[in-house]
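I opened the notebook to record, one entry at a time, what I looked up in this protein. I wanted to begin with the whole and then move to single strands and residues.

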Amino acid sequence: MTTDHLAGDNPLEPEATGELAPEATADERAAAAGTAEADEAGAGAAEADRAGVAQAGADAGEEAAAAAGQAGDAAAAASGRESTETAAAGQGRDQAREGATEGPAPVVANPPAPTSGAAPTAAQLAAAVRAVESGERPAASFFTGAPRPTGPTAAKRPAAKAAGAPTEHSRPGPEVTAQRTATPPTAPPAGPVSAAQSPAAPVSASFSAPRPVPPTAAGLDGVRQILTEGGAPAALAEKTAQVLGERAAEALRADPWQLLAVPGVRPEQADGFARALLGPACGPDDERRAQALVLWLLEQAAVAGHSALEASALRAALAQRAVPDPDAALETAITEGAVLVFQDELDTPGRPRPTADSDEEGEEERPVQILLGLDRFAMAEESVADGLARLLNTFEPPSDVKAPSGEEAPGTDTESLSRSLTAWTTAAAAAPSPSATALIQAAATSGLVTHTGAEAARAEPAALIAAARSLGLAAYGATHTENGRRRLAAHLAEAAPGAPAESLDAASVTVSGLLSGREGPGRNADGALALDLLVVLDAPQLDLETAAMLVESLADGTRLILSGDPAVLWSAGPGRLFADLLAARFCPQVTSRTPDFDPIGELVSGIGIGELNEVEAPGKEVVIVPVRNAGEAVHRTVQLVADSVPRALGISADHTQVITVGHGGAAGTRALNTALKERLNPGPGRFAGFDSGDRIAYTPAPGRTLPGTITGADAAGLHLDCDGTALTVPRNQVEAGALRHGWALTAHQAVGRRWPAAVVVLPGDAAAGLTRAWIYTAFSRGERHLSVVQGADQALPRAVTEIPAKDRTTRLRTLLRLQNTAPESPSEGN
């Protein structure tokens, strides 16, 4: 490892699924993490790689949006000038954690309240939002007015329902709940008031008088109308209509807090919106607000990677959000079916694991934890557990049976050959390594196998696929990226040198391409994937919902092998399928013993076990570049990419990837991409800020990032080349934030891919975003060269030795253990 003076400072990448942006308030972050810790946001939550966010405001808005993201740089944004009140589509779960803090806008501690009946201005709403987000004012100040004497707040009564009003649900849907009249605050309200409110409207002692409701236009015009009336940017209309349906305007009129269902919108912004629409009828004790917050907190937890939250954590988060009775709010959510409740037994050392057939009589009571979750994640986890058990239970292992006298011996046709244990044993013996032999043997006798290993170990699943295809099986390998697919195809070519190149290339697919039918064998008459054996590489990147779709698409008896490096970052979406499957010891496990011999592999292997060692790098494979501040970090990074690496190693800037901890800050992806574009491809940004030749990161959906290059633009949109695939991104997606420059990425965006050279930037204030998993992932992206722009000082070795990964609350491990399976099987491998 060389310390070089050839060649950051901020963006904290939230880690996990996405990395939560730093702009999330402390209580939000505590909720998303299920603890009082900061939301894996600036502290290292998964970046919003999965959800590119655009706040309806300036830079502060972008960072807030990142917190809603770990789902990827998805799109959706509102014009910053229209209002800082609301944030558009979240930056994705990956990336919701990799967001970083940028300088906040000036905060007005107690913005002056408009006179009664005055229409709120965007500036007043924005100032109120910033005051709450900065901690200058409590969340309840949206409802109790402007400056008021400190002291206990008078207790409020729950909002009363209008007579005959149906039970209200916070979930969006075509049915609109009846509008209720809420109890007015005890002190005169002093926030922004909608122009629709009559200044002279009489207010009774208990209830505010019904407010005149202006006629609402139809369709999107109606949505824009009510958003504008509430002080939110009209640019959110399309996204709001997508989320709330064709009657979105009516839904928002009846329940303004349904705006929280729109990705990127935060509670403070929804409170301001509701306050502008409802005026004095708006209060923190409104049941509609509590229900919307319950769902929002669980969605934010999913962004941070949790499939469920402990009831105590959710209760505390609601209390922090000024919900007066969190228990009642949770009870209502559970009763109405918006939230599911689970009682999962806790592991107790020395006690046998429970199974589906466990006899509970005579057993002492086991400790349990109460978990709450959204139904779609609960269903996904249960679907995965049931599907994996089905593959194990329906699998028929091969065997060799002697044929009766005078009949043909088994193994002479394709079907018999694939069912012959002798044939599998012969194929295993011909494998290129002992670990490949162990993997083939395990796959021969089980319908579900896990395989763990680093980069060099990827040759072992390729050897299995080649062996299975030689036995006549329809065997395929699936990766999460096109870059990974090409690397798998190269390994297949080495494992089966005599096989046709077209056949081997077709055997390597991407997970998305396989499920959509664009790649792979397609589906049979029953709708199942027409294959006999499937190897999924980069298995830690499988989120719950994708895994459920994949497992449900496999027919009974299909062999499924999940292979991956358990030390890398987990999926952008909720869950930790691969880690839970390994921990449950649900099926045979094969651990590769094939080491990565090169200097980068040696360095990364040490990081994987919590050791940051110096390595010999005679060919400058690993270079450490110390820096003192963010400005120097950016300067050194540009120098490395544009000059030092090409000159010393012959690797062009097009094949060098910069990786940093987050999007924001003085050395985040935005700052680095600006500097790199100025040096490598200067231009006026005539296509929505982009020029032909720019490297970009395109996020077609939360959690999916496609690096590429802009090849041109026309009326249809921007034309891209993403790993050899031509794509066109419509103008509305570009404007919504689905595209950003891509010379610099976050680790969550880079996972699943490798480049000839990688430059990892660790700015001084990135310490909170560093974990062992993040460092392992970032450092292992370079194939031939790794430069580390090191400004984090002792935070780097401390993260490697002391902070393995951000934990996630999931139920899959418990569900797998409840399946009535065989006893634990030991790990295999040589």
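The entries below follow that order, and I keep in mind throughout that the model is predicted.

**Entry 1: the whole protein**

I began with the overall counts, and I found 29 helices and 25 strands in the protein. I then looked up how much of the chain is covered: of the 830 residues, 57% count as buried. For the surface, I noted an exposed area of about 31,500 Å², of which carbon and sulfur atoms supply 53%.

**Entry 2: the nonpolar cores**

I reminded myself that in soluble globular proteins nonpolar side chains tend to be buried together. Which residues have the most contacts inside the largest nonpolar core? I found that this core has 70 residues, and that those with the most contacts inside it are L388, W424, L464, L534, L560 and L562. I also recorded a second, separate core of 46 residues, which includes A249, L295, A317 and A338.

**Entry 3: an open sheet and a charge over a ring**

I turned next to a sheet of 3 strands, which is open, runs in the order β6-β8-β7 and has antiparallel pairing. Why is one side of β6 and of β7 left without a neighbour in the sheet? I worked out that β6 (309–310) and β7 (340–345) stand at the edges with a single partner strand each, so each has one side that no other strand of the sheet adjoins. I followed β7 to its partner β8 (residues 368–373) and found that 6 bridges join the two antiparallel strands. As one example of this pairing, I noted that F342 has L371 in β8 as its bridge partner.

While I was at F342, I saw that the charged end of R811 sits over its ring, 3.8 Å from the centre. I looked up a further case, in which the charged end of R469 sits over the ring of Y476 at 5.5 Å from the ring centre. I also searched for aromatic pairs, and the structure holds 0 of them.

**Entry 4: strand β24 and its partners**

Is strand β24 mostly buried or exposed? I counted β24 (residues 782–790) as largely enclosed by the rest of the structure, because 7 of its 9 residues are buried. I then traced its pairing with β15 (residues 622–626), which is parallel and extends over 5 bridges. In this pairing, P626 stands opposite Q790 in β24. I also traced the pairing of β24 with β23 (residues 755–762), which is parallel too and extends over 7 bridges. Here I met Q790 again, since it is the bridge partner of L762.

**Entry 5: strand β17 and its hairpin**

I moved on to β17 (residues 695–701), which is mostly covered, with 5 of its 7 residues buried. I found 5 bridges joining β17 to the antiparallel strand β18 (residues 704–714), and among the partners I noted R695 with T709 in β18. These two strands form a hairpin with 2 residues between them, in which G703 takes a positive phi near 95 degrees. I then followed β17 to β21 (residues 739–741), where the pairing is antiparallel over 3 bridges, and A697 stands opposite R740.

**Entry 6: two positive phi angles outside glycine**

I looked up D538, which has a positive phi of about 55 degrees although it is not a glycine. I placed D538 in the loop between β12 (533–536) and α20 (544–552). Its relative accessible area is 14%, under the 20% limit, so D538 counts as buried. I also found a polar contact of 2.9 Å between the side chains of D538 and R458.

I then looked up R585, which is not a glycine either and has a positive phi of about 50 degrees. This residue lies in the loop between α21 (577–584) and β14 (589–591). At 25% relative accessibility, I recorded R585 as partly exposed.

**Entry 7: the surroundings of S420**

My last entry concerns S420, which I located in the loop between α13 (414–418) and α14 (421–429). I noted that S420 is buried, with a relative accessible area of 8%. Its side chain reaches the backbone nitrogen of T422 at 3.3 Å. I also checked S399, which is 21 residues apart from S420 along the chain, and found their C-alpha atoms separated by 5.4 Å.

Conventions: Residues are numbered from 1 along each chain as its sequence is written. This is a predicted model: local features need pLDDT of at least 70, side-chain atom pairs count only at pLDDT 80 or more; totals for chains, interfaces and linings use all residues. Side-chain values use heavy atoms; hydrogens and water are left out. A nonpolar core is a set of buried Ala, Val, Leu, Ile, Met, Phe, Trp, Tyr and Cys residues joined through side-chain atoms within 4.5 Å. Buried means under 20% relative accessible area, exposed over 50%, partly exposed in between (1.4 Å probe, protein chains only). Two strands pair if DSSP finds at least two bridges between them. Helices (H or I, at least four residues) and strands (E, at least two) are DSSP runs, numbered from the N terminus. Accessible areas come from the Shrake-Rupley method with a 1.4 Å probe; for residues, only the protein chains shown count as cover. Rings of Phe, Tyr and Trp (its six-membered ring) pair if their centres lie within 6.5 Å; planes under 30 degrees apart count as stacked, over 60 as edge-to-face and the rest as tilted. A charge sits over a ring if NZ of Lys or CZ of Arg is within 6 Å of the ring centre and within 35 degrees of the ring normal. A polar contact is a pair of N or O atoms within 3.5 Å; within protein, one must be able to donate a hydrogen and the other to accept it, and residues adjacent in sequence count only if both atoms are side-chain atoms.
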